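Me: I'd like to learn how to read a model like this one. Can you walk me through it?

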Protein chains: 2
Amino acid sequence: MTPDQLRRYGRQVVDWIADYLERVETLPVQSPVAPGDVRARLPDQPPRRAESFESILRDMDDVILPGITHWQSPNFFGFFPANSSGPSILGELLSAGLAVQGMMWITSPACTELETHVLDWMVGMLGLPQAFLSTSAGGGVIQDSASSASLCALLAARHKASLGTVRQRGVEQRLVAYASAEAHASIEKAMRVAGLGSRHLRLIATDERHAMKSDVLEETIRRDQATGLHPFFVVSTVGTTSSGAVDPTHGIGQACRKYGLWLHVDAAMAGTAAICPELRDVHRGVELADSYCFNPHKWMFVNFDCDCLFVADRSCLIRALGNSADYLENTASTSGKVIDYRNWQIPLGRRFRALKLWFVIRSFGVDGLRDRVREHVKLARELAGWIEADRRFEMAAPVALNLVCFRHSGGEAASRRLVEHVNREGRIFLTQTRLDELLTLRLCIGQTSTQRQHVARAWSVLCDAADQVA
Amino acid sequence: MTPDQLRRYGRQVVDWIADYLERVETLPVQSPVAPGDVRARLPDQPPRRAESFESILRDMDDVILPGITHWQSPNFFGFFPANSSGPSILGELLSAGLAVQGMMWITSPACTELETHVLDWMVGMLGLPQAFLSTSAGGGVIQDSASSASLCALLAARHKASLGTVRQRGVEQRLVAYASAEAHASIEKAMRVAGLGSRHLRLIATDERHAMKSDVLEETIRRDQATGLHPFFVVSTVGTTSSGAVDPTHGIGQACRKYGLWLHVDAAMAGTAAICPELRDVHRGVELADSYCFNPHKWMFVNFDCDCLFVADRSCLIRALGNSADYLENTASTSGKVIDYRNWQIPLGRRFRALKLWFVIRSFGVDGLRDRVREHVKLARELAGWIEADRRFEMAAPVALNLVCFRHSGGEAASRRLVEHVNREGRIFLTQTRLDELLTLRLCIGQTSTQRQHVARAWSVLCDAADQVA
């Protein structure tokens with residue numbers, strides 16, 4: 001494809017996306033295809049000869065689109081908002097066009113320096129501790145996901161714990177980590193990946209708000225220490241996936257300080273709320289954290305993937321994940337004057353992901369981001385009010401921010417029929433979980449273009465469906 | 001940004017990229033900025049109010065471009081080709097525009113099914129074993145990088161090794177892995193991440209071609225078994241980073257079968273060559289592999305990130321990396337009829353990366369891909385001929401495919417001055433490594449738009465520089 005062809009087809013693709021975003025609201029949110037439907041429309045063998053771009057773009061409509069569940073629909077209320085926005089799409093496009101590797105400073109200084117700079121901006125925007133600034137002993141780095149960020153934090157903590165004790169074979173077998181029973185499944189996965197084992201992860205009981213009981217945490221740490229184990233890592237979840245519960249980071253952090261554990265704060269979706277000063281109490285205690293992550297790719301209008309991981313002491317992270325190779329040696333790296341982000345993550349290569357984050361912050365402005373987040377929180381509270389006032393439904397958890405958890409008052413079977421009916425119908429999409437062992441519907445408000453009218457329509461869809469499945 | 005604004009600014013960005021690709025050849029390949037230069041041009045604080053997209057795009061020229069090392073220049077011969085192409089850029093753009101999550105089949109069936117299908121295509125295109133097809137017990141999955149792919153392979157192998165032995169505390173402390181002394185640094189990093197420790201990675205000696213000595217491997221495995229250790233994992237490198245050496249996968253695989261070890265083949269860059277039947281001997285023995293990875297984002301014209309990982313038995317991978325959570329439960333997953341790629345990787349979320357791979361294969365056609373690869377290999381051999389015939393230089397390794405390793409015949413200091421001079425000058429860019437403990441220049445030919453004229457010019461630049469630094 002020549003540059004002139006890229007101009008021509010690029011315009012077609014841009015128009016295709018703009019058209020898509022204009023009509024996405026009218027499409028069934030959940031893809032209606034059955035397993036195998038998409039593959040059945042694809043040829044068994046790859047083409048020997050070049051195909052025209054026109055035929056490829058045609059297949060986007062004919063083959064791909066029917067198999068898409070529309071995360072960018074304002075009627076998407078499932079899982080979490082994997083939201084996007086024009087400036088983010090164009091930042092991603094420029095990243096693809098430049099196609100630089102950001103593995104080291106030398107491989108494209110702008111890729112590293114813009115990332116460092118924008119992550120320093122984020123420290124101020126979220127009211128995070130100064131220790132997370134690159135100008136302190138800490139710093140921020142973009143990871144692909146909170147799963148990876150939490151794993152990196154765990155590895156840094158493991159490194160520190162192994163150093164802090166007498167070096168002896170077997171110390172790693174005694175390391176124990178802690179998270180609430182409502183923490184994300186990626187924490188358990190990280191323990192397995194790191195070879196520490198899920199049996200050495202303690203899932204601490206939660207209170208009636210589904211938040212970790214910090215007194216139970218402290219007791220558990222003490223009991224583990226007494227039996228010769230080595231407690232080293234705690235995850236405080238700010239906004240659990242199932243209910244949006246906010247763990248008491250301050251109390252957890254005090255226990256971590258007392259017993260010498262690394263505190264990681266996982267604020268994957270909810271962290272974005274802290275850009276609004278009046279919502280910043282979700283971060284209370286974060287000044288005690290050794291690491292923190294949140295995902296602009298969830299609720300801050302930046303395309304996946306963009307998770308921001310901050311550490312208070314970058315040396316632990318770099319020692320855990322850094323290495324050397326003759327083929328990577330360069331004078332900038334050996335000077336010690338630059339950041340080589342390859343040593344802050346598991347993969348070697350990295351895209352220029354800071355561009356899209358920078359574009360979004362500048363295009364929305366901090367005030368513009370706040371406005372959207374405030375609106376989503378307001379809509380969630382409004383919806384919760386409607387649910388509370390309606391005998392067909394019952395709330396399943398308090399609404400902390402933008403996630404509304406509820407049930408059909410007809411019980412488990414009715415709730416299940418409700419979510420299945422609504423998703424099959426396709427006017428809105430929501431997902432389910434379990435809270436207090438009961439099936440619970442989750443309606444998450446945060447998609448970039450979701451406005452009051454969409455939430456009102458969702459409520460109407462739910463009311464209609466509630467009657468039908470009762 | 002409204003859809004209409006997205007149309008307008010999207011065209012500007014497409015034009016910006018096309019203009020960039022038209023003139024990238026004229027830019028100094030290595031960014032000339034000093035540490036801190038880029039940050040110094042960025043405001044200390046994020047903007048409170050929205051900025052215009054025009055001002056953002058202006059900063060691409062004023063702030064970002066000077067800090068870019070131009071990986072897309074046809075004069076870029078460093079590290080590895082992180083190449084790109086028009087269809088890949090547009091595939092990435094569509095992925096950003098749809099912005100779906102591909103973590104499970106249900107979250108967008110087309111994202112999963114296209115990936116499965118195109119990776120099945122790749123099995124045929126590369127002449128890989130049928131066991132890697134999704135229709136067998138194996139299958140393919142896109143990872144971000146070979147680092148992550150090798151880590152996932154290691155975790156699957158660890159899972160299998162732990163199962164295959166009597167389950168007892170401490171078995172993991174006896175697991176030992178093997179790779180050549182020229183294997184990629186990511187293997188050592190994977191051992192540390194997995195908690196197995198780099199001291200349990202044996203780096204096997206290489207022969208005069210820098211390829212693993214399979215007899216030494218076998219001896220080492222036997223010795224480790226005799227001392228009560230548990231050999232479990234071998235990496236055969238097809239195209240080492242330093243010299244492009246190809247390990248004897250067949251002999252290594254036979255040792256793996258004999259002693260019951262998992263064989264992982266890391267063909268990150270060189271694997272692409274196997275799309276040409278006459279170059280497919282780099283894969284000799286791959287039918288013995290339990291897993292295999294290569295990077296279309298290196299030498300197959302697909303933007304980073306796109307690594308293809310194949311496994312012969314997907315159940316090991318899924319058991320090692322799968323987990324469950326109430327908030328992810330859905331009927332498609334529990335039916336067992338679909339693939340949920342979240343269980344094939346470390347992160348939970350995933351982009352729609354199959355689009356760009358699909359676009360590239362269709363836009364080039366298999367023949368078109370072969371033509372490019374053949375041309376690069378031919379150019380590398382031609383350059384090697386020129387170097388061999390010139391007394392100012394000496395070859396440092398045989399040319400297997402597209403990587404030419406050489407030295408200034410004036411010795412270490414002259415070689416170092418040569419690479420520094422050339423890169424500072426900016427007409428071409430190449431990098432360095434060590435082979436046989438000697439500083440070695442690496443000139444890697446594989447950038448999408450690199451043609452004979454660029455290699456000829458590179459040779460002329462090197463000759464001029466060789467005289468100057470002598």
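**Burial, symmetry and a hairpin**

Reply: Sure, starting with burial: in chain A, 61% of the 470 residues are buried (20 or more other C-beta atoms, placed from the backbone, within 10 Å of a residue's own). This is a predicted model, where local features need pLDDT of at least 70, side-chain atom pairs count only at pLDDT 80 or more, and totals for chains, interfaces and linings use all residues. Residues are numbered from 1 along each chain as its sequence is written, while chains are lettered from A and ligands numbered from 1 in the order in which they are written.

Me: What radius of gyration does chain A have?

Reply: Chain A has 24 Å, which agrees with the value near 23 Å for a compact globule of 470 residues (C-alpha atoms; the rule is 2.2 Å times the number of residues to the power 0.38).

Me: Which rotation superposes chain A on chain B?

Reply: Two copies of a chain are related by a rotation about an axis and a shift along it. Here the rotation is 180° with 0.0 Å of shift along its axis, at RMSD 0.0 Å (least squares on C-alpha atoms of residues with pLDDT of at least 70 in both copies). That is the relation of a two-fold axis. Ala194(A) is the residue of chain A that comes closest to the axis, its C-alpha at 2.2 Å.

Me: Where does a positive phi turn up in the hairpin of strands 10 and 11 of chain A?

Reply: At Asp436(A), with phi near 50°; the hairpin has two residues between its strands. Strands here are DSSP runs of E, at least two residues, numbered from the N terminus. Strand 10 (residues 431–435) and strand 11 (residues 438–444) of chain A pair in the antiparallel sense over five bridges (pairing takes at least two DSSP bridges). Gln432(A) stands opposite Leu441(A) in strand 11 of chain A.

Note on methods: A residue is buried if 20 or more other C-beta atoms lie within 10 Å of its own, exposed if 12 or fewer, and partly exposed in between; C-beta atoms are placed from the backbone. Helices (H or I, at least four residues) and strands (E, at least two) are DSSP runs, numbered from the N terminus.
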